[in-house]
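Here are my notes after a look through the model you sent. I've kept them to the sheet, the helices packed on it, and the empty spaces.

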Number of protein chains: 2
Amino acid sequence: MRILALLDGTLVDPDTPLLRSHDLGVQRGDGIFETILAVDGHPRELEAHLDRLERSARLMELTLPDRAKWQHAVRTVLGEWPWGSEREAAVKLVCTRGLDGGDGTPTAFVSGQSLSEELMRKRARGISVVTLERGIDPGMMERAPWLLLSAKTLSYAVNMAALREAERRDADEVVFTASDDSLLEGPTSNVVLAEDGRLATPPPSSGILRGTTQGALFRAAEEAGWRTAVEPIARERLWRADGVWLASSIRKITQVHTIDGTSVATDSGLHERICKLYESRY
Amino acid sequence: MRILALLDGTLVDPDTPLLRSHDLGVQRGDGIFETILAVDGHPRELEAHLDRLERSARLMELTLPDRAKWQHAVRTVLGEWPWGSEREAAVKLVCTRGLDGGDGTPTAFVSGQSLSEELMRKRARGISVVTLERGIDPGMMERAPWLLLSAKTLSYAVNMAALREAERRDADEVVFTASDDSLLEGPTSNVVLAEDGRLATPPPSSGILRGTTQGALFRAAEEAGWRTAVEPIARERLWRADGVWLASSIRKITQVHTIDGTSVATDSGLHERICKLYESRY
């Protein structure tokens, strides 16, 4: 199932071409996006995602349509979604820099699409992960803003290549590491560790995206009395933690059972508590 | 002027949308490209560009249409170009991974477009450049192939952001540097130095694209008795060289007159010799 809406709220056929060949989104991956989970008609963390979209636009110096238009287009997609037969939808917001040589009008759209069965299986059964060098040092984000380390751009070819590398190594997913061997993020997720009743995730200042799902989990955990930490995390801590998860809108909080071919601690009771904390927000 | 052809040789209106919103080229910058200069009806270095396109496809594990189809689509575009009024065209070859959730059929097209007046001015008058850290060390390409350092992908958001950073610094162009302060490449060019009758450029093994225009220049220079070197180049050599150029298909061999706000040597006689060497290939 796929539903597509323009920013004026018009529904269009997703099988009809939408972008010209000289759109800068096509030619240069020059645009930004967000992916939002909607459950039973309700988008999760919509405002946090729109905040991050605006932040990406600022970092990219991109003209972004008004927030109200995005909200309207999201509602349009959700209004068309067949909730009776599919309880969840991935809602993607995309904005490109518009046409090469054009007047700067961005190309923007919102799509809703089904979640894959494979994703559902991974949510239920957990995943294996490999750590791969991302080739950045932790001070680079501040030093070299042109590397766009904290913008969610359409230039995701490296993220996709890392996932193919994981597949070659018989793993499901990737956690990138920095040049000092500290943890960064997954290609489309944030990494979360539980250690003695404390949740930890690497800091955005290391050159990674602020996680909306990780953020939602941490707020819920704090309210429930957990300690949380946003701090540099050495790679070795993965194998000493009580549990490791990848968090993102669509995969929710997916448990990791294997890293670089070696088992890590899994505790089904702990996993259930973490998932309930996250779900308690909605 | 813009001419657009599909890989079956069909001409299509470039103002009609061509790509669906869920094309992986749009969603993930997941595709590859080449840009070729055509002069008076003739494409320059077509086979070298097709070689590099095939190399990019291998690195990206991308299904690429047959070489003969690309050649045919290029001929179709060149056949339509108004050579009487425009003597040069930029011919772009694009191939994406096709539709998200599709059968793997790539989306491929060839476009011809006019060169901008600004580019012509820069060719004639030379350019100012800033050096910007690229955040990679020279051994990374071999160590981390998933970073796609030697593939020419559609994920060019960082390259475009670097050019905006140059503009902020009142410069025209960028030369990226590695973590050891050696030279890499421009966002869409290779850097060439002349030093005592010898031409030098950084090695592809440092994580940069093999330059087709730089390669053409070096072959011509070698035949004319110049020494050439493909070797690591420390940033300081820019200011000791007899001349510095950025080379690419569309900009040809453009002279650099200023780097990081400081003048570098320019010699109009030397520049003319270099340009003639390059033109002697065609």
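**Notes on the sheet and the cavities**

1. Start at a single pair in chain B: Val39(B) sits opposite His42(B), a residue of S4(B). Bear in mind throughout that this is a predicted model.

2. That pair belongs to a wider contact between strands. S3(B), covering residues 31-39, is joined to S4(B) by two bridges, and the two strands run antiparallel.

3. Zooming out, S3 and S4 are part of an open sheet of six strands in chain B, with antiparallel pairing and the order S2-S1-S6-S5-S3-S4. At the edges are S2 (11-12) and S4 (42-43) of chain B, each paired on one side only.

4. Now the helices. H2 of chain B, residues 46-60, lies across S3, S4 and S5 (88-96) of that chain, and runs at about 175° to S3(B). H3 of chain B, residues 67-80, lies across S1 (2-6), S2, S3, S4, S5 and S6 (107-113) of chain B; its angle to S6(B) is about 30°.

5. On to the empty space. How many cavities of 30 Å³ or more does a search of the whole structure find? The search comes back with three.

6. The largest cavity has a volume of about 50 Å³. Its lining comes from chain B: Arg52(B), Arg55(B), Met141(B), Ser150(B), Pro204(B), Ile208(B), Leu209(B) and Arg210(B). By class, that lining splits into four nonpolar, one polar and three charged residues.

7. For the second largest cavity, at about 40 Å³, switch to chain A. The residues lining this cavity are Leu37(A), Arg44(A), Glu45(A), His49(A), Thr213(A), Ser249(A), Tyr278(A) and Tyr282(A). Three of the lining residues are nonpolar, three are polar and two are charged.

8. Why does the second largest cavity lie between domain 1 (2-115) and domain 2 (120-279) of chain A? Because both domains give residues to its lining. I'd have a look at this spot with the two domains coloured separately.

9. Last, an open space: the second largest pocket holds about 440 Å³. It is lined by 19 residues, and those closest to its centre are Gly98(A), Thr105(A), Pro106(A), Thr107(A) and Ala108(A). Sorted by class, the pocket lining has eight nonpolar, six polar and five charged residues.

Notes. Residues are numbered from 1 along each chain as its sequence is written. Chains are lettered from A and ligands numbered from 1 in the order in which they are written. This is a predicted model: local features need pLDDT of at least 70, side-chain atom pairs count only at pLDDT 80 or more; totals for chains, interfaces and linings use all residues. Side-chain values use heavy atoms; hydrogens and water are left out. Two strands pair if DSSP finds at least two bridges between them. Helices (H or I, at least four residues) and strands (E, at least two) are DSSP runs, numbered from the N terminus. Contact means heavy atoms within 4.5 Å. Axes are lines fitted to C-alpha atoms, for helices over the stretch in contact, and angles run from 0 to 180 degrees between N-to-C directions. On a 1 Å grid over the protein atoms alone, a cavity is a set of points where a 1.4 Å probe fits but cannot get out, and a pocket is an open set with protein on both sides within 12 Å along at least five of seven lines; lining residues have an atom within 4 Å of a point. Grid points are joined across faces, edges and corners, and a volume is the space filled by probe spheres set on the points. Ala, Val, Leu, Ile, Met, Phe, Trp, Tyr, Cys and Pro count as nonpolar, Asp, Glu, Lys and Arg as charged, and the others, Gly among them, as polar. Domain bounds come from an automatic or database domain assignment.
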